[in-house]
Amino acid sequence: MATSLLATDGYKFSMAEAGWPLRRETFYYSHRKGGLQVMPLDLAAYVRALLPEPKPEDYDFLAKYDYEMGVGFKAAILRKEKLSVRAIPLGACFFPREPILTVTGPSALVSWVEPLLLQLNFRIQVATQALTDREGLARALARVTCDEQKAIALETLDAVGVKPVPITVDSEGYLQRVRATVKELIDAVEDPARIFEVGLRAATCQQQHELALRACKDVGVTRTSNVEGARKLGMIPVGTMGHEHIQRFGSDDAAFRAMRERRPQRSSYLLDTFDTLTSGIPAAFQLIREEPGAGDSIRFDSGNKKLQYLYAVTRARDIGIKPVNILEDGLDAEATREFEDLRRQVGWEPGSQFYGYGGHIVARTMECPFTRDKVAAIYKLSQTGPQPVMKFGNELAEGKQSIPGTPVLFRRRHGSGPIGLVGQEGEPVPDGYFPLMEAEPETPSLVGALEVNSEPAKISQTQATRALVEELTRKHFPKGR
């Protein structure tokens, strides 16, 4: 069945309109943690099966909610023949931080696929657990959220040659837990209109996310980033900006201005792509000062959000502006209550502070432990046009720096050195290694099976990749970090 054009996050549409939808770009997929894992499917075929088939009524719905799309986006989303997928092969093993998939093509198309592609992590975790610990697998899959999640698990077990384990679908139990979780959040903020849901990327499948949205709506939350879910359930799609938008422009100021000046709606400025305190907040506040009545917001997303919040509120008061504050990324009820206490202490009105929740609503309420957070699955922009780009984030200790360029993966065949090398497309294959992302790798991806993992996973970068990282770091932080 064809995928709906609306089966993605709302900010994908606003970023396409404020960017260059036909520009050639590369994104890569990776897991930041989780140990040695196995790929249970043909990634190129999997990606292509996710691509959307737009219909006129899709564009009508988008226009109704201030996501009217231009001719560039409409052309880009149809150019599937321009899509290029490079990936590790079926059955290959991989380590955390290795780029196992790159998708290159028209910006709007390769960006659009992110929320659904990130759900791949569930299949990978099922396959890896199946090949290493059948008893643990049976416990993990004993109760799942929906029929689609069960079908994906069984399909994955068949793909890796493991006999099925008993799986019970308990949709009602999942709905009850989501309702209780969202009700607790509403109690913390005292108004469901101050909460929105952003968990499509945290779900294992679309059916699970629709269940979570139904539970949200049952208790009064009416806004979600999932545009297709919003259409099905009569909710409101939301979302303005992700890190990729700022990466495309190379600076917070240029990216924020593009969003403000290419779309008439209120803008939400994401602060942490380079550095929240020294770059994101100053750029956002300059724009808000220029048009203080626009109702624009700032979004805190990583690092020490309490410190950032207090700095932003103090600075805003000093220069006479009052942005709307939006808090996301890893929030739970306890953190929400803490930020509500802060809001009261600094005298910020309730109607000027909102909260977005993803995994806390969608994934932590599952009984199955195979969540996106467990492996920290990511899909990041690495090249826009001819320009390599990176996400730096606030704190290097968080390990959230992304890989620039068009990454490829080399696996060690013999000798010493790192097991994996992250290189660049077109770079000569280092001695003792072979390219793992070729159509038909020369040798097995890793000597031994998943159980044989006595050697620490040493993953490094080639000289070409390190040079790109150093170049971009100097460009964005000429005085050092």
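This is a selection-by-selection tour of a predicted model.

**Stop 1: strand 1 and its neighbours**

Select residues 24-31, which form strand 1. Seven of the eight residues here are buried, so strand 1 is largely enclosed by the rest of the structure. Add residues 101-106, strand 5, which pairs with strand 1 in the antiparallel sense over six bridges. Then add residues 377-384, strand 15, joined to strand 1 by seven bridges and also antiparallel. Tyr-29 is a convenient residue to centre on. In strand 5 it stands opposite Leu-101, and in strand 15 the bridge partner of Tyr-29 is Tyr-379.

**Stop 2: strands 11, 12 and 13**

Move to residues 297-300, strand 12. Are the two faces of strand 12 covered or open? Both are covered: Ser-297 and Arg-299 on one side are buried, and so are Ile-298 and Phe-300 on the other.

Show residues 268-270 next; this is strand 11, which runs parallel to strand 12 and is joined to it by three bridges. Ser-268 stands opposite Ser-297 in this pairing. Adding helix 15, residues 276-290, completes a right-handed β-α-β unit made of strand 11, helix 15 and strand 12.

Now select residues 324-327, strand 13, which pairs with strand 12 in the parallel sense over four bridges. The partner of Arg-299 in strand 13 is Ile-326. To follow the chain from strand 12 to strand 13, display helix 16, residues 305-319; this β-α-β crossover is right-handed.

**Stop 3: helix 3**

Select residues 56-64, helix 3, and colour Asp-58, Tyr-59, Phe-61 and Leu-62, the buried residues of this helix. Viewed down the axis of helix 3, they fall within an arc of 160 degrees, so they line one face of the helix. The face turned away from this buried side carries the exposed residues Pro-56, Asp-60 and Lys-64.

What do the buried residues of helix 3 pack against? Display helix 1 (11-18), helix 4 (71-76), helix 12 (227-233) and strand 10 (236-237) to see the contacts. Before leaving, pick Asp-66, which follows helix 3 and has a positive phi, near 65 degrees.

**Stop 4: salt bridges**

The model holds 35 salt bridges. Three of them are visited here.

Start with Arg-201 and Glu-114, whose side chains meet with an N to O distance of 3.8 Å. Arg-201 lies in the loop between strand 8 (195-197) and helix 11 (206-218), while Glu-114 belongs to helix 6 (residues 114-118), so the salt bridge ties together parts that are 87 residues apart in sequence. Arg-201 is partly exposed, at 22% relative accessibility, whereas Glu-114 is buried, at 6%. Widen the selection to Asp-9, Lys-12, Glu-25, Glu-244 and Arg-248, which are linked with Glu-114 and Arg-201 in a network of salt bridges.

Go on to Arg-143 and Glu-367, where the closest N and O atoms of the salt bridge are 3.3 Å apart. This pair links distant parts of the chain, 224 residues apart: Arg-143 is in strand 6 (residues 143-144), and Glu-367 is in the loop between helix 18 (359-362) and helix 19 (372-375). Both count as partly exposed, Arg-143 with a relative accessible area of 37% and Glu-367 with 42%.

Finish this stop in helix 10, residues 171-189, where Asp-187 and Lys-183 lie four residues apart, about one turn of the helix. Their side chains form a salt bridge at 2.9 Å, N to O. Asp-187 is partly exposed at 47%, and Lys-183 is partly exposed at 41%.

**Stop 5: cysteines**

Select the cysteines last. How many disulfides does the model contain? The count is zero. Centre on Cys-205 and show Cys-146, which holds the closest cysteine sulfur. The two sulfur atoms are 3.5 Å apart, too far for a bond, because a disulfide requires them to be within 2.5 Å. Cys-205 is buried, with a relative accessible area of 1%. Cys-93 is another buried cysteine, at 8% relative accessibility.

How values were computed: Residues numbered from 1 in each chain as written. Predicted model: local features only at pLDDT ≥ 70, side-chain atom pairs only at ≥ 80, totals over all residues. Heavy atoms only, no water. Buried < 20%, exposed > 50% of the residue type's maximum accessible area, 1.4 Å probe, protein only. Arc of directions from axis to C-beta. Contact = heavy atoms within 4.5 Å. Pairing = 2+ DSSP bridges. Right-handed = clockwise from strand over helix to strand, strands pointing away. Salt bridge = Lys/Arg side-chain N within 4 Å of Asp/Glu carboxyl O.
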